[in-house]
Amino acid sequence: MHANFFFCNADKLFSGKLLNLAILSCRNQQLVVEFDKLPIILSFPELGCLHVYLNSNPVAAPVQFDFICLPIVNPRYKREFVEGPAKKRLGALTRSDLVLSGHDWNSLVVGKISPWLQLDSKIDHIRKNSEAAFKQEVQFSCHLGLPAILVPLKSGNIANLARCLNESLQSSYFQQQFWIQIPLISYKDQVDQQIAGQTETEDDQVIDDTWKWWHKFRTLCEAQKRLSVALELTANLPSEDVINRWLSEPVKCVVISTSLFLTNKRGYPVLSKAHQMLIHRLFKLEVQLILTGVDRHPDKGIHSYQQYIDHLWQTQLPADPITQFAKGYEDYLQSPLQPLMDNLESQTYEVFEKDPVKYSQYQKAVYLALLDKIKSEEKHTKEVVLMVVGAGRGPLVRCALSAAQQADRKIKKVYAVEKNPNAVVTLENMKDEMWGDQVDVISCDMRFWEAPEKADILVSELLGSFGDNELSPECLDGAQRFLKEDGISIPSKYTSYLAPLQSEKLHNEVRTLKEKDKPIETSFEMPYVVRLHNCQVLAEPLEVFTFYHPNRDEVVDNSRYKAMEYKISQDAVLHGFAGYFDAILYNNVTLSILPETHSPGMFSWFPIYFPVKIPTYLKKDDTVEIHLWRRCSQKNVWYEWAVTQPQVLPIHNPKGRSYTIGL
């Protein structure tokens, strides 16, 4: 497997009297295009036209690229639509679509807009001429069925370009992608002031933030899903915060110029350590790669660049267990489980039971609880009663029995309480085959069960991605009546956390979830469990709600309210909030999905995402204030949330109108 490559700047492919792709002559250069493996190799502009052969013989292909980026119209062909001597010039716009087959056009070629277009020029006739040429090129690319068009941004003056492109997005019958090419650092900021003969002053150090170009452009185009970023790497890299912000954007491909490559001792092209690290991070977004520029290592050949990038792909660090488990689920929105209302399926139980860390921690917690309940001098005379509420298919029962054996302590009886009748079938079979009379299986909702005796230890795994979002407080409050006064609850405490989040991808995913016959805001008024990937957390998570068990309050009230403030370190866009939790099972045994304290190797819980309806632009040093409520009724629990700084947004999910958790 290798990374996907585009070879860019075949600007002269359509120059001359080209009738087909069989032969392009000049300069004794020859490259092979191997179609059955989808590599593409084409020219650097300075080499002139090349021999290009279609060849199905793998042995004949010296390099393996996947696509080619080429101009839709010859870059030197400046049409005149408004005025000028060429206004009435006859002839074809560009070469015929018969040059390639339809399949090749829509699978092997990415179009490039002519570089001379100035759609935001202040000169009227230049702007209008550019508009007409842009429309003509986009229409022809749609006719060809090109999968994407590369559109460069050269400054923040892009309002009219955005209008023209958005017009195409609204009216086009063909669902074409637009890759907006943006440099990491603006062209102005790449210039060395001293080399340019200027003295660098404090005012010169003001950075022209190219991310603002992109944000302005995508906002004008209503953040269409068909818009994505072609990120152009520069010799100097911006700060870590700026890079992290770009990693939260829909980066589709990365443009790498040959001018960025250094030469190693053996004469081969290599990238600096900083560029290598950045490319490795971008690989995680499954980006395409576009190689562009002059061949600066002609003795090693063009293929040496491709081989080096492929080497970077092959030498990535192996994925950790969480990444391996979550493969394919990155940024995939899932509705949180409602185990009280719904009976889980066998496959869901199976996935959770594969987590070795969670059950190892539970076993350790039960082990310590048994040691505290039965001192070493009492181990031959004293026994404890242990209850597993929400036993599922029995993993916690197995943990408890293993912990007792490890601690050399006796458990008089284990009560496995489970409301799902299908899971009870598994429990009954395990009782018959493994556990015997030491375990009693109870098919009942824990809140309504009348226990024959009180328990010394109460064990449950009712935690959700936000701690309390699967109604652990309500369930355990109902079950604690059969826990002894000095009884131990595992878990004993859990806390939820919240942090502001930027992710256009998640926001667009929520936007596409609109259901027929339901208000448009419905999908934005419910939380989602999601493996956060293409996003940036904008500030450190803050504590939200904490619950303790057993709850000995005279009046048990699980409704909560919290207001939180976050300081923003750089310009960004607020698309919602990421939620996490950590839990103390017993003593110093913990579980956590909080990024800073995440339990190593644990994958049972992904974070939770609270979206906001209206993306909010944030400036550096802005304060984001959010209010979060946990509301309860006799039948339901739900969350309401509202942003009040820097912009006031409506309360999301008032009175649980879009989302509730059923009791």
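The following exchange concerns how several terms apply to a predicted protein model.

Colleague: What should a reader know about the model before the terms are discussed?

Modeller: The model is predicted, and local features need pLDDT of at least 70, side-chain atom pairs count only at pLDDT 80 or more, while totals for chains, interfaces and linings use all residues. Residues are numbered from 1 along each chain as its sequence is written, and side-chain values use heavy atoms, with hydrogens and water left out.

Colleague: How many helices and strands does the protein chain have?

Modeller: There are 14 helices and 28 strands in the protein chain. Both are DSSP runs numbered from the N terminus: helices are H or I with at least four residues, and strands are E with at least two.

Colleague: Why is Cys142 called buried?

Modeller: Buried means under 20% relative accessible area, exposed means over 50%, and partly exposed lies in between (1.4 Å probe, protein chains only). Cys142 has a relative accessibility of 9%, and therefore it counts as buried.

Colleague: What makes Cys535 buried?

Modeller: The relative accessible area of Cys535 is 15%, so Cys535 is buried. Of the 663 residues in the protein chain, 54% are buried.

Colleague: How many disulfides does the whole structure contain?

Modeller: A search of the whole structure finds zero disulfides. The criterion is a pair of cysteine sulfur atoms within 2.5 Å.

Colleague: Why is Ala223 called buried, and where is Ala223 found?

Modeller: Ala223 counts as buried because its relative accessibility is 17%. Ala223 lies in the loop between α4 (210-220) and β8 (227-232), and its phi is positive, near 50 degrees, in a residue other than glycine.

Colleague: Why is Asp621 called partly exposed?

Modeller: With a relative accessible area of 49%, Asp621 falls between the two cut-offs and is therefore partly exposed. Asp621 is not a glycine, yet its phi is positive at about 75 degrees; its place is the loop between β25 (608-618) and β26 (623-632).

Colleague: Which peptide bond leading to Pro491 is cis?

Modeller: The bond from Ile490 to Pro491 is cis, with omega near 10 degrees. Pro491 sits in the loop between β17 (483-490) and β18 (493-502). A cis peptide bond also joins Gln645 and Pro646, where omega is about -5 degrees, and Pro646 belongs to the loop between β27 (636-645) and β28 (661-662).
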